[in-house]
Amino acid sequence: MPKKSKCPDVLLGTKGAGLWSQAIRQGKDVFRDLYNNPEFLKFIGDIHGKNILDVGCGEGYNTRIFAQHGAHITGIDVSEQMIRCAQDEEQKHPLGIEYKVASWGNLSAFKNEAFDVVLSTMALMDGPGYEDALKEFYRVLKPNGSLFFSVTHPCFLTPNYTKLTNEQGNITHRVVSHYFKEEPWEFSWELTKNADKSDAHPVTALHYHRTLSTYINNVLKTGFVLKEIHEPCPSDEACEKNPRLKVARDVAPSFLYVHAVKP
């Protein structure tokens, strides 16, 4: 008999780690696959042979990509269900990834100066304790080690922002408000692979909005040296594959990338 998956068998449209894992593995997060991941991989550069901590790894989708680029990866997430999903996939298709349940504000399972690189993709805006997380990242990084992270762009995806569309239903403007309200808010979007959204499933998550200055100044206060920030634009090819991405090219970027180094 086939081995039963440890990942909860939850269908899309209900809550749980299983629904998220299923949608991501079916390619329904086109903003991730066609836009965010390709641009972030270019941003971080060569990671072959690096010892990396992937913070907020979820069910391990991006963690597996980093491992396939030759990195030695440890993934952490606060969700036990997500980690079970990631471990289940590692058992099926081993890449040498170690997964642990841990909060980014408490990395006591790891020694000082244990990693060459700390990565976090699209996670830090989803929880509290950003300042504590940076202190822990600094501690577990080796001297000259790099921190790379991506978040939703704090200037254009503010609490309760609104979208203006044209007659064809395409987004033409984002109207931002409440920029200085650094508080949790519910952020909703659709996971859909098809440009016509015929397979769309709504997702709602709790986001912890922070201003751009909060993100950057706390990096500096922690002791990091800021190397680069980047506001990625989807390629024309990606926009042709899925026109929904044009909003990030023609209106405003959806993501912010930060690279800092521990002296």
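Buried means under 20% relative accessible area, exposed means over 50%, and partly exposed lies in between (1.4 Å probe, protein chains only). This is a predicted model, in which local features need pLDDT of at least 70 and side-chain atom pairs count only at pLDDT 80 or more, while totals for chains, interfaces and linings use all residues. Residues are numbered from 1 along each chain as its sequence is written, and side-chain values use heavy atoms, without hydrogens and water.

Q: Why is glutamate 98 called partly exposed?
A: Its relative accessible area is 39%, which lies between the limits of 20% and 50%, so the residue is partly exposed.

Q: What makes lysine 100 and glutamate 98 a salt bridge?
A: A salt bridge needs a side-chain nitrogen of Lys or Arg within 4 Å of a carboxyl oxygen of Asp or Glu. Here the N to O distance is 3.2 Å, so the pair qualifies. By this rule the structure has 10 salt bridges.

Q: Is glutamate 136 buried or exposed?
A: Buried, because its relative accessibility of 13% is under 20%. Glutamate 136 forms a salt bridge with arginine 139, with the closest N and O atoms 2.8 Å apart. The two residues are 3 apart in helix α5 (residues 130-140), about one helical turn. Helices here are DSSP runs of H or I with at least four residues, and strands are runs of E with at least two, numbered from the N terminus.

Q: Why does aspartate 236 count as exposed?
A: Its relative accessibility is 52%, which is over 50%, so aspartate 236 counts as exposed. Salt bridges that share partners join Asp236, Arg249 and Asp250 into one network.

Q: What makes phenylalanine 43 and phenylalanine 148 an edge-to-face aromatic pair?
A: Rings of Phe, Tyr and Trp (its six-membered ring) pair if their centres lie within 6.5 Å; planes under 30 degrees apart count as stacked, over 60 as edge-to-face and the rest as tilted. The whole structure holds 13 aromatic pairs. In this one the centres are 5.9 Å apart and the planes differ by 80°, so both conditions are met. Phenylalanine 43 is in helix α2 (residues 30-44) and phenylalanine 148 in strand β5 (residues 141-152), 105 residues apart.

Q: Why is the pair of phenylalanine 149 and tyrosine 215 called tilted?
A: The centres lie 6.3 Å apart, within 6.5 Å, and the angle of 40° is neither under 30 nor over 60 degrees, so the pair is tilted.
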